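Colleague: Hi! Could you walk me through this model?
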Amino acid sequence: MKYCLIAVFCCLAMIASAVNVPRGFNGSIFYLKSAIIEKDFEKARKYAEEAAKAAKKPAEKLELQFLEAVIEAGSGNNAEAVKKLDAIYSDRSLETGSRFQAFVFSRALQAPLSSQELKEQAAQLKLPAAGEYAALNAAAAQMISLGRDESAQSIIAMADAMHNRKTKVYNCRYVKDAPSGAGGWFHSNLLEDQSAREGRFEEYNRQSAAMLFADITAGRDSAGSGNTRKDYYAGNTAFYMVYDARGWHIFFLLGESEIEDRMLNDKTIGSLEVFFTPGPEGETYYQWLTRLPSGKTDVFDWNSAHSHYRYLGSSLKTEVVVVKDQIGCYAFIPWEALYDKLPLDGKPWRFSLIRWSPAGGFSWGGRVHETGAWGQINWQQPTSEQALEIRTRIVRRAWASYNKCKQELVTFWTDREVGDPEFFETSVKGAIARLDEAGKLLAGTDKLTEKQVGELFEKFVPDWMEFGHLVAGLRQEYLENKLIGLR
């Protein structure tokens, strides 16, 4: 499925109780949205009344009007919701993007939309293409909040089809020895190569960002903090990436002219949110969020660990360094973490980055979790010597990983109190003998031939890397045979 939902919506009861959200307009809005996600529209109506008393600014009143329409629609009062949205649409004092958003939301509540109808309405309002695209996605976010995913999906698809959004592409090249750490990148001549600098960032749609309070990864400062220097942040957000025999290196270079004041007064500087899939499609994606300038990184794994999906938290290395008015954030993923998905075959990877800054979000590659709109990483094809170096390193790392895991499992399963010596003797010992025998090639000082590396990589690296899963499978088989024997 090319177009994915704008955000992953989860139950917020635990989040709301765990977060100390002050009252006032923003606090009431937080609880209002939480109630909407919980589909408790009576509670949402109560918080809407609170928010109405606290709303002072035109933007606050407009946000509340849209949310009141959501409450009515969620309560089954579509006619009342449409009435509220039509009032927004008819208000000529509002900017055209908000009026068009109200039109789309209203029509989506009544009947399936058509691209022609949307085009005609946008033209009538003289709405620029960028504003039309943002408004469509904002309306889709509101349909998601109502649980009407099919309608939201249709709006997103029409938005992308109507505006022919081109996928951003970055060419990741091979270097002999990439800089290690943020400090290493600041002193590297790689930053002088403007062709390697990627700075095509776009402002993140505010309404889509506002819906992200429902995301389980909520920790980002999605709405900004009143800072209006959007052009500054869009123009001072960039990344570079390269790969070498060790792994994938990414360096994010972020301008922040007010950093001294913000750090002194403990003001937010924001965070970086990164997504990628190791392949063009059909792969579960990885996500992490690094807070600035502390460098604290949270990794979110979107699958259970198994032989072909490993948790990234133990492998991902990040570092943040501040130099004058620039923040450098370095991320490194070793190839052994993705040994079975290496980009050596020329297949692109999907990649998305969002900088959450004091002025809001700036995106390279679509919205949060929207894999269909992410950018694309094209990998420079390595030479045969470079590919051999990568695989050789993985072979040696896999052997080391296996030996560490083997020692722990042998100690456990041979223990007569907590383990199962019979299982070890009948099932595990033979597997260890087979894998140990293959590892003898690594004991010598002679350089491995390309043929030897290829054989070890194909036949033994998977079992060395996944020895814990291998033993778990043997245990299951052993117990099943035991149970069958007792019948």
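Colleague: Is tyrosine 243 buried or exposed?
Modeller: Tyrosine 243 has 1% relative accessibility, so it counts as buried (buried is under 20% relative accessible area, exposed over 50%, partly exposed in between, with a 1.4 Å probe and protein chains only). Bear in mind that this is a predicted model, where local features need pLDDT of at least 70, side-chain atom pairs count only at pLDDT 80 or more, and totals for chains, interfaces and linings use all residues. Residues are numbered from 1 along each chain as its sequence is written, and side-chain values use heavy atoms, leaving out hydrogens and water.

Colleague: Thanks! How many aromatic pairs does the structure hold?
Modeller: There are 38 aromatic pairs (rings of Phe, Tyr and Trp, the last by its six-membered ring, with centres within 6.5 Å; planes under 30 degrees apart are stacked, over 60 edge-to-face, the rest tilted). Tyrosine 243 and tryptophan 335 make an edge-to-face one, at 6.1 Å centre to centre and 75 degrees between the planes.

Colleague: Where do those two sit in the chain?
Modeller: Tyrosine 243 is in strand β3 (residues 237-243), and tryptophan 335 is in the loop between β9 (326-334) and β10 (349-357), so the pair links parts of the chain 92 residues apart (strands are DSSP runs of E, at least two residues; helices are runs of H or I, at least four; both are numbered from the N terminus).Colleague: Switching topic, what does glutamate 466 touch?
Modeller: Leaving aside residues up to four places away in sequence, glutamate 466 touches His306, Ser307, Arg310 and Tyr339 (contact means heavy atoms within 4.5 Å). Glutamate 466 lies in the loop between α17 (461-465) and α18 (467-486).

Colleague: And why does glutamate 466 count as buried?
Modeller: Because its relative accessibility is 7%.
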